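Please take a moment to follow this walk through a protein model, strand by strand. The sequence and the structure come next, and the explanation follows them.

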Amino acid sequence: MKIVVLGGGISTERDVSLSSSRMIYEALKKKGHQAVLLDVYLGYEDDYAGIFEKDVDWAENIGGIKESNPDIVQIKALRKDGGRSFFGPNVIEICQMADVVFLGLHGEDGENGKVQAAFDLLGIRYTGTDYVSSALSMDKSLAKELFAFHGIPTPAGIHVRKGQESAERVPYPCVVKACKGGSSVGVCIVHEEKEYQAALEEAFKYDEEAVIEQYIEGREFSCAVIDGKALPVIEIAPLCGFYDYKNKYQAGSTIETCPADLPEDKTREMQLISEKVFRALRLKKYARMDFMMDKEGKLYCLEANTLPGMTPTSLIPQEARAIGISFEDLCQWILELAQKD
């Protein structure tokens, strides 16, 4: 098939997206597809006639993920047209020529439903869930409200807006996070009052809204759901600190165990909650749910990720591998799901 792998963009997760997209592109090429890798924001300025037949390594110049998130101002300066549109030159036209667009986007605009809504209007078929479920999942405050409504265990928390004081407070220690962020960018663990305002300022660098929730001390897990069914659970244990941007993407920073070392009943409980989250957020195709388990063994679902990472250190590929599915076959599976109405 003719496939556009769409990555990059201008979110704080740009580097992660490009790394995911490179892996996806290379996997699809091995499967025999005519794949093209495009940066959704920078686009393609040359003649795109016959682009799927060109003998080009589209991933050649994509590097690894740095320890800190990228400078978006520098990226925006690369657009010759001033960047008024999120879609770069010829991106829409090339995507319309494809059989399927494989979304390797992460973070703002890629995961908040805007790209999905645009593609729906343009008749472009894409991987992953639709615009409604993308928006619900990306907004951590809305997602937590739905969790509460559906009886899904989640840390107690409040929602605050920039410039507005909230009368409610969450006892320390607590976690302050940007409401629509990802990859743990704009996330701080707060232990006392003097850290609180600094944490809010950090979160508000990335969003006008923030979520403050109770800190759950314990073990961290993740569980993917593909086509409505949960995969094996994976445990994430950072060697230092919490599962932040550096620990997520720098090799050797985190010990990941899949299947997780858990009693069978606790594994099944987490899988059932993951499938329940999938339904509650109206998710389609695939997603990944993140969890904490406290010292008493109680589970808390933190959030759902609608376009989970597909990098060398990402979790879904490890979960798939645990049941004998290679990375190439995982990409093919996701591609086939996109073709199902």
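How many bridges join strand β12 to β13? In this predicted model, strand β12, which covers residues 286-294, is joined to β13 by 6 bridges, and the two strands run antiparallel. Within this pairing, Asp290 stands opposite Glu303, a residue of β13. The hairpin that β12 and β13 form has 4 residues between the strands, and in this hairpin Gly297 takes a positive phi near 90°. Strand β13 itself, made up of residues 299-305, is mostly covered, since 7 of its 7 residues are buried, where buried stands for a relative accessible area under 20%.

A second region to look at is an open sheet of 4 strands, in which the order is β4-β7-β5-β6 and the pairing is antiparallel. Its edge strands are β4, at residues 157-161, and β6, at residues 187-190, each of which pairs on one side only. From one strand to the next, the twist of this sheet averages 20°.

The edge strand β4 can be followed to its partner β7, which spans residues 209-214: the two pair in the antiparallel sense over 5 bridges, and His159 stands opposite Val211 in β7. Helix α6, formed by residues 140-149, packs on the sheet, where it touches β4, β7 and also β5, the strand at residues 174-178. The direction of helix α6 makes about 45° with that of β7. When looking along any of these strands, it may help to recall that in a regular strand the side chains alternate between the two faces of the sheet.

Definitions and conventions
Residues numbered from 1 in each chain as written. Predicted model: local features only at pLDDT ≥ 70, side-chain atom pairs only at ≥ 80, totals over all residues. Heavy atoms only, no water. Pairing = 2+ DSSP bridges. Axes fitted to C-alpha atoms, helices over the stretch in contact; angles between N-to-C directions. Contact = heavy atoms within 4.5 Å. Buried < 20%, exposed > 50% of the residue type's maximum accessible area, 1.4 Å probe, protein only.
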